Amino acid sequence: MKQRITKGKHKGIVLILMSTVAFCLMSSLVKYASDIDPYKTTLFRFIVGLGILGTAALLGKVKLNFVHGPLLFLRGLFGGTAILIFFMSIPKLGVGKGTVLIYSFPVFASIFSSIFLKEKIGTVRLIAILAAFVGIYFLAADNGNGFSFLDILGKYELLAVFGAMLGGMALVLVKKLLETDSSYTIYFAQCVIGLWVVVVPANVVPCSIGVFGGFLLVAIGVTATIGQLLSTEAYRYVQVPTGSLLQMLVPVLNYFVGVMVFDEAISWRSIIGTAAVLSSCVVVLLRSNGKRKND
């Protein structure tokens, strides 16, 4: 039994790390698609997700059994809205800063999971969460205007933080839903509800996509679907605080992509923030390994 649990946790960690790569690639594609209305980008993300899962279900590769309808609806509403906010934030704030603010969701997810799922955070993980939050704050402060919230958080920064709150709640719902529903069902529900969230505004603003834009939007949908399915399945094996902190590697990777690919600024604040986030992830991994040895 101990060996099975150890292998399961290792599998969850590997799945999370694989999902971070997929999400990093998706974020870069969203940045390239900055000229396209974010409502349309989000719409394509959900359409492609529905297409992939629907086709797989028709071919008998996956089964879509909806057990807990109300929770699936809420997961889709919170998660779908958070994705829309994410796609709106990247063109305005940049790949690095936009992703970092949205990925502050582990702070909220850990709080929500302790309330609704009765998961124990523990002293070490709590310190890691606080350190990660400090790292995110330093990265968000990378605008040269000081350290006060009024200097840092403008309209889109506040919107991104709100998206992080919704993402944190969606993550807790995923953990609960995995007790009754498959990862495919959970993601399919998100795509369905998310589609309803953006279908009207996506068709209000006129925007010429073009052939290249169409391929770009499909690529965003494919990478997002891969990342989401890997991430959702991973939470079957790891707790919300552990998995969400590991996913904070996404903003770190995106920050470096923003600097190297999109010429976004770098400063000592961003270096400190990056180090804090990475250190927090390492602490969580070491703590998890320590608990496995003692089980």
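**Cavities and a surface patch in a predicted model**

Guide: The largest cavity in this predicted model holds about 390 Å³ of space. Of its 23 lining residues, Phe23, Ile83, Tyr103, Phe105 and Gln228 are the closest to its centre.

Visitor: What makes this space a cavity and not a pocket?
Guide: A cavity is a set of points where a 1.4 Å probe fits but cannot get out, whereas a pocket is an open set.

Visitor: Which helix gives the largest share of the lining of the largest cavity?
Guide: The helix is α3, with six residues. At least two residues each come from α1 (2-32), α3 (69-93), α8 (155-177) and α10 (210-234). By class, the lining has 13 nonpolar, eight polar and two charged residues.

Visitor: How many cavities of 30 Å³ or more are there?
Guide: The count is two. The second largest cavity has about 30 Å³ of space and is lined by Val30, Ala33, Ser34, Ile36, Pro38, Thr41, Phe87 and Pro91. Both α2 (38-58) and α3 supply at least two residues of this lining.

Visitor: What makes Ser34 and Thr41 the polar part of the lining of the second largest cavity?
Guide: Neither Ser nor Thr is among the residue types that count as nonpolar or charged, so both count as polar. The lining divides into six nonpolar, two polar and no charged residues.

Visitor: Why is Val261 called partly exposed?
Guide: Its relative accessible area is 45%. Buried means under 20% and exposed over 50%, so Val261 falls in between. Val261 lies in the loop between α12 (249-260) and α13 (268-294).

Visitor: Which residues make the nonpolar surface patch with Val261?
Guide: Tyr32, Phe256 and Met260 join Val261 in a patch of about 450 Å².

Technical notes: Residues numbered from 1 in each chain as written. Predicted model: local features only at pLDDT ≥ 70, side-chain atom pairs only at ≥ 80, totals over all residues. Heavy atoms only, no water. Patch = residues over 30% accessible without salt bridge, like charges linked within 9 Å, V, L, I, M, F, W, Y side chains within 5 Å. Areas by Shrake-Rupley, 256 points an atom, 1.4 Å probe, with all protein chains shown as cover. Salt bridge = Lys/Arg side-chain N within 4 Å of Asp/Glu carboxyl O. Helix = DSSP H or I, 4+ residues; strand = E, 2+ residues; numbered from the N terminus. Buried < 20%, exposed > 50% of the residue type's maximum accessible area, 1.4 Å probe, protein only. 1 Å grid on protein atoms, 1.4 Å probe; cavity = no way out; pocket = protein on both sides within 12 Å on 5 of 7 lines; lining within 4 Å. Points joined across faces, edges and corners; volume = space filled by probe spheres on them.
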